[in-house]
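Colleague: I've got this model open and I'd like to learn how to read it. Can you walk me through it, one feature at a time?

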Amino acid sequence: MAAEPEILDELRRLRARVPHLTGALAAGVDGLVLAHDTPGVEPEGVAALTAAALGVAVRMADTTGQGDFRELLVRGVYGYIATYAAGHGAVLTLLAQDRVNVGRLHLEGRRAGVRIGELVDAHEASVRAARQALAPPRPQPPARPLTVRTRSARGPGTANARTTTES
């Protein structure tokens with residue numbers, strides 16, 4: 001993915017801004033890793049689990065009438081896993097120690113999710129545009145001749161008039 005270096009830069013800046021953040025991962029909603037800064041953690045496994053949790057969270061939000069998915073927070077004995085929507089096709093998952101400032105985590109996670117979403121959505125839009133530009137034009141059906149129908153004025157008192165040309 002061409003946007004991967006920019007996403008990775010955003011993940012690293014996020015880790016620098018939030019104390020006690022131990023990992024950051026951007027993934028597609030399908031569970032494929034886009035970029036990660038997760039030392040000591042298997043990024044593919046986290047991305048796959050994020051996709052599974054996202055599916056449940058989206059369904060819960062929809063079923064309960066809470067609207068589109070925005071974020072998911074899981075708290076374990078040793079820390080937090082926070083997942084934020086990142087545009088239409090991606091999510092941001094953050095791993096943090098138990099002593100993280102959760103308010104700061106949400107503030108920075110939401111902001112980073114917006115920026116990563118913009119990067120991913122812009123990249124996907126450029127890929128679609130490039131595919132359309134390279135695709136052969138669709139064949140157009142042959143044009144049919146235009147058929148014009150006219151009515152002759154035939155009413156009472158109107159005779160069939162024929163015109164002939166004599167030479």
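Colleague: What share of the residues counts as buried?

Modeller: Keep in mind that this is a predicted model. Buried here means under 20% relative accessible area, and 32% of the 167 residues of the protein meet that.

Colleague: And the overall layout: how many helices and strands are there?

Modeller: There are three helices and five strands. Going along the sequence, the order is α-β-β-α-β-β-β-α.

Colleague: Let's take the strands. How do I read which strand pairs with which?

Modeller: You look for bridges, and at least two of them make a pair. Start with β1, residues 21–28, which joins β5 in the antiparallel sense over seven bridges. Leucine 21, for instance, sits opposite alanine 96 in β5. β1 also runs antiparallel to β2 (residues 33–37), with four bridges between them, and there leucine 25 faces histidine 36.

Colleague: Why is β1 described as largely enclosed by the rest of the structure?

Modeller: Count its buried residues: seven of the eight in β1 are buried, so the strand is largely enclosed by the rest of the structure. As a general idea, side chains in a regular strand alternate between the two faces of the sheet. β4 is mostly covered too, with six of its eight residues buried.

Colleague: Who are the partners of β4?

Modeller: β3 is one, antiparallel to β4 over six bridges, with leucine 72 opposite threonine 83. β5 is another, also antiparallel, with eight bridges to β4; alanine 86 has alanine 90 as its bridge partner there.

Colleague: Now the turns. Which hairpins should I look at, and what happens to the backbone in them?

Modeller: Check the number of residues between the strands, then the phi values. The β1 and β2 hairpin has four residues between its strands, and glycine 31 in the turn has a positive phi of about 95°. In the hairpin of β3 and β4 there are two residues between the strands. The β4 and β5 hairpin has three, and glycine 87 has a positive phi near 75°.

Colleague: On to α2. How do I check the span of the helix against its number of residues?

Modeller: Use 1.5 Å a residue: the 21 residues of α2 should span 30 Å, and the end C-alpha atoms are 30 Å apart, which agrees.

Colleague: Which residues of α2 are buried, and which exposed ones lie on the face turned away from them?

Modeller: The buried ones are Pro43, Val46, Ala47, Thr50, Ala51, Leu54, Ala57 and Ala61. They cover an arc of only 140° around the axis, so they lie on the same side of α2. The face turned away carries the exposed residues Leu49, Val56, Arg59, Met60 and Thr63.

Colleague: Last, pockets. What do I look at there?

Modeller: Volume, then lining, then the class of the residues. The largest pocket has a volume of about 250 Å³. It is lined by 14 residues, and the closest to its centre are Val58, Asp68, Phe69, Arg70 and Ala85. α2 gives the most to this lining, with three residues. By class, the lining has seven nonpolar, three polar and four charged residues.

Colleague: What about the second largest pocket: how much space lies in it, and what lines it?

Modeller: That one holds about 180 Å³. Its lining includes Val46, Leu49, Leu72, Thr83 and Leu95. Two or more residues each come from α2, β3, β4 and β5, and α2 gives the most, with four. By class there are seven nonpolar, three polar and no charged residues.

Terms used: Residues numbered from 1 in each chain as written. Predicted model: local features only at pLDDT ≥ 70, side-chain atom pairs only at ≥ 80, totals over all residues. Heavy atoms only, no water. 1 Å grid on protein atoms, 1.4 Å probe; cavity = no way out; pocket = protein on both sides within 12 Å on 5 of 7 lines; lining within 4 Å. Points joined across faces, edges and corners; volume = space filled by probe spheres on them. Nonpolar A, V, L, I, M, F, W, Y, C, P; charged D, E, K, R; others polar. Buried < 20%, exposed > 50% of the residue type's maximum accessible area, 1.4 Å probe, protein only. Expected span 1.5 Å × (residues − 1). Arc of directions from axis to C-beta.
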